[in-house]
Amino acid sequence: IRYFQYEGDTLVRQGLAVAEPFHLSYPSLIEDDGVLYMLPEGYKSGALTLYRCERFPDRWTPVHRLLDQPAIDATVVQHDGRWWMFYALPGPDDRAMREMHVAWADALTGPWTPHAGNPVRTGFMDARPGGSAFEHDGALYLPVQECRPTYGAALRLLRVDVLSPTDFRATQVRR
């Protein structure tokens with residue numbers, strides 16, 4: 001994972017934040033108890049690893065494996081007293097682009113429990129996570145990728161209407 005630092009529109013510094021022997025992408029930043037973490041996708045490692053920031057932006061230490069699954073585009077958010085993770089899994093027939101999985105935990109470092117209804121959402125139009133989840137006016141929103149006619153063809157915004165360890169419902173509110 002590389003970082004780029006700008007002042008206005010001028011690049012003033014760039015460098016390496018995290019290097020691994022496998023591809024890393026989709027670096028989500030998460031704050032928990034005043035500590036900054038990064039959760040990059042490294043699905044070819046076969047796991048999902050959380051990194052703690054030692055010095056921003058260029059020193060990160062792997063601290064915990066959140067999942068022993070090759071989660072793709074994992075998006076983690078704290079909501080209603082729990083941590084929630086939305087992610088895709090690799091597989092045949094473009095599984096990573098057509099299935100949304102959810103897991104939950106009481107602490108960021110887990111243990112993480114897969115949602116009883118996985119996959120909670122299917123289809124190429126709005127199942128793959130596409131950015132940081134956020135709360136607005138008490139509701140949880142999740143950006144997702146439209147993967148037809150191609151990967152990342154557009155972004156859609158889901159409002160999460162029901163989220164529990166056994167139930168998930170969401171409504172598209174924007175494309």
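These legends accompany several views of a predicted protein model.

**Figure 1. The whole fold, built from 1 helix and 16 strands.** With a radius of gyration of 16 Å, close to the 16 Å that the globule rule gives for 175 residues, the protein is as compact as a globular protein of that length. Along the principal axes, its C-alpha atoms fill a box of roughly 45 × 40 × 35 Å. Of the 175 residues, 46% are buried.

**Figure 2. The surface and charges of the protein.** About 9100 Å² is exposed, and carbon and sulfur atoms supply 47% of that area. If you are looking for charges, there are 18 positive and 22 negative side chains. The centres of these two sets lie 5 Å apart.

**Figure 3. The cis peptide bond between F56 and P57.** Omega for this bond is near 5°. To find P57, look in the loop that runs between β5 (48-55) and β6 (59-67).

**Figure 4. The cis peptide bond between N118 and P119.** Here omega is about -10°. P119 sits in the loop between β10 (113-114) and β11 (121-122).

**Figure 5. Y26, a residue with positive phi in a strand.** Y26 is not a glycine, yet its phi is positive, at about 50°. The strand that holds Y26 is β3, residues 25-32.

**Figure 6. D137, a loop residue with positive phi.** Phi of D137 is near 50°, again a positive value in a residue other than glycine. You will meet D137 between β13 (134-136) and β14 (139-146), in the loop that joins them. The relative accessible area of D137 is 73%, over the 50% cut-off, so this residue counts as exposed.

Conventions:
Residues are numbered from 1 along each chain as its sequence is written. This is a predicted model: local features need pLDDT of at least 70, side-chain atom pairs count only at pLDDT 80 or more; totals for chains, interfaces and linings use all residues. Side-chain values use heavy atoms; hydrogens and water are left out. Helices (H or I, at least four residues) and strands (E, at least two) are DSSP runs, numbered from the N terminus. The radius of gyration is taken over C-alpha atoms; the globule rule is 2.2 Å times the number of residues to the power 0.38. Buried means under 20% relative accessible area, exposed over 50%, partly exposed in between (1.4 Å probe, protein chains only). Accessible areas come from the Shrake-Rupley method with a 1.4 Å probe; for residues, only the protein chains shown count as cover. Lys and Arg count as positive and Asp and Glu as negative; His and the chain ends are not counted. The place of a charge is taken as NZ of Lys, CZ of Arg, CG of Asp or CD of Glu.
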